[in-house]
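Please open the structure in your viewer and keep the selection tool at hand. The tour goes from one selection to the next and says what is there.

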Amino acid sequence: MENTTLKPFGMRDKIGYALGDLGCNMSFQFVSSYMFLFYTQCIGLSTKSWAWIIIVSKIWDAINDVMIGGLVDNKQISKKSKFKPWITIGSVGLVAFTVLIFVPVHDLSELGKILWCLVSYCLWSVAYTMVNVPYGSLHSVITSDPKQRTTLSTFRSIGAGTAMILVMLLPKIVYKDNQLHANTVFFVSVILSVVSFFIFIVMKRMVVERVQRTEVQQKNNYFAAVKSFFTNRAMIAITIVTVACVIFFTASSTINNLVFQFYFGDAGKSSLAMIASYGSYVVLMPLAGKIVSKIGKKSFICISSAIGFLAGVIMLFLPIAQNNSGIALYIIGLLFVNIGHSVFQIIVWAIVADCIELSYRKSGMREEGSLYAIYSFFRKLSQGIGSAVVALALGAIGYMETATVQTPQVAANIKNLYLLFMIVGLAIMFLAMKFIYNINYEQEQSFMNEYTKEELQTF
């Protein structure tokens with residue numbers, strides 16, 4: 001039940017929650033977009049070295065996700081808040097380790113560069129988990145109203161989208177003469193890290209934890225949480241969709257920079273393409289609540305992913321010239337290809353919160369931290385897999401890490417590889433939501449009615 005003596009849910013909570021994902025994604029998007037390019041183009045690591053570094057680091061992620069998820073559930077270090085103190089601790093580490101990743105270590109030996117990359121990234125992943133798991137869990141305790149949770153998910157997407165746009169503007173800054181500049185990347189990492197730290201401070205002041213469980217709590221069993229996760233068919237489906245999106249959209253966003261750097265010959269213009277590709281995100285965001293209320297979350301994602309898939313196939317076979325007209329056509333195409341991914345980003349957190357709530361109603365246990373940590377583990381595991389797959393795929397098509405110019409065939413291969421990644425991701429998204437996700441529109445309405453009856457009985 002919700003504590004009615006606290007300030008009612010409102011715009012302050014929505015904006016505050018949006019700020020949380022802005023802070024998280026200023027670090028996450030920057031690391032995702034530039035760490036691979038920084039260590040291969042500036043520091044001199046090979047794509048093969050990068051691939052196994054990422055795989056090893058994600059094995060470590062599996063360990064730290066479990067530990068931190070359990071800590072968040074079982075160890076409340078403040079009487080006033082279950083989640084915010086963990087965010088405070090993690091945000092300090094996030095500042096330090098984001099900067100550490102991008103220190104220009106040109107003079108180290110090959111082994112030294114590999115160890116610096118691996119250790120700094122593993123430390124960063126611990127700090128990010130310590131922020132992101134409790135932040136994600138906040139969603140389910142700010143309000144228990146499904147409509148308000150959908151609104152929170154939308155505002156969280158606004159925060160994430162704002163961070164993406166900020167990172168998309170960086171190519172004009174970090175590239176000089178069509179080459180990535182190491183010292184500039186380091187300077188930008190410092191600025192983004194400090195800004196995100198203060199954003200977390202503001203977020204914690206704005207959101208209120210209202211939802212309280214009146215039953216006696218018992219210490220959570222992580223294996224019970226694992227069982228809850230894997231017996232929740234809807235949670236499995238949205239996890240599959242998330243893995244596909246992270247591998248084939250988020251991780252592959254690095255390739256888009258290479259498309260402009262080598263296919264179109266102007267890396268700076270990649271920011272225009274990425275901003276334009278999120279036009280659907282901007283258009284759909286204010287309409288998401290109304291569309292979901294009309295057709296449901298499942299249909300919304302299925303329809304949008306099908307549109308994106310068809311647009312991607314057309315783009316793959318469409319001749320795109322290596323001039324300004326070709327750039328314009330490419331940008332317009334990305335606008336349609338990204339529709340499915342945009343819808344996913346807008347409503348995914350509302351779906352995750354519903355899945356977590358469903359597990360609570362079945363078991364009577366508060367497992368927000370553990371369930372979110374398991375979901376986060378798969379999300380971050382897919383980041384590692386995606387980065388490794390991208391690196392290996394680039395090597396397979398003939399990409400040379402330190403070359404200032406690629407052959408025309410390799411440049412064309414890079415462009416086609418980016419489109420193929422998105423097409424595959426959209427196909428998986430459609431299939432998982434259509435055939436595995438088992439909460440349809442009627443069940444969503446039933447869930448809403450169940451919530452209303454429960455609240456009336458409570459009060």
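The stops below take in a helix, some aromatic rings and some cysteines.

Keep in mind throughout that this is a predicted model. Begin by selecting residues 84–101, which make up helix α3, a run of 18 residues that reaches 25 Å from its first C-alpha to its last, close to the 26 Å expected at 1.5 Å a residue. Colour the buried residues of α3 next, among them Trp86, Ile87, Leu94 and Val99.

Turn then to the aromatic rings, of which the structure holds 19 pairs. Select Phe28 and Tyr128, whose rings are stacked, with 5.7 Å from centre to centre and 25 degrees between the planes. This pair links distant parts of the chain, since Phe28 belongs to helix α1 and Tyr128 to helix α4, 100 residues apart, and both residues are buried.

Move on to Phe30 and Phe102, a tilted pair with centres 4.7 Å apart and 55 degrees between the planes. Here Phe30 lies in helix α1, while Phe102 sits in the loop between α3 and α4, 72 residues apart, and both are buried. Adding Tyr34, Phe38 and Tyr39 to the selection shows a cluster that ring pairs link together with Phe30 and Phe102.

Finish with the cysteines: how many disulfides does the structure hold? There are 0; Cys117 is in no disulfide, and the nearest cysteine sulfur, that of Cys122, is 9.1 Å away. Cys117 counts as buried because its relative accessibility is 0%. Select Cys302 last, whose sulfur is 12 Å from the closest cysteine sulfur, in Cys245, and therefore too far for a bond; at 8% relative accessibility, Cys302 also counts as buried.

Conventions. Residues numbered from 1 in each chain as written. Predicted model: local features only at pLDDT ≥ 70, side-chain atom pairs only at ≥ 80, totals over all residues. Heavy atoms only, no water. Helix = DSSP H or I, 4+ residues; strand = E, 2+ residues; numbered from the N terminus. Expected span 1.5 Å × (residues − 1). Buried < 20%, exposed > 50% of the residue type's maximum accessible area, 1.4 Å probe, protein only. Disulfide = S-S within 2.5 Å. Phe/Tyr/Trp six-rings, centres within 6.5 Å; stacked < 30°, edge-to-face > 60°.
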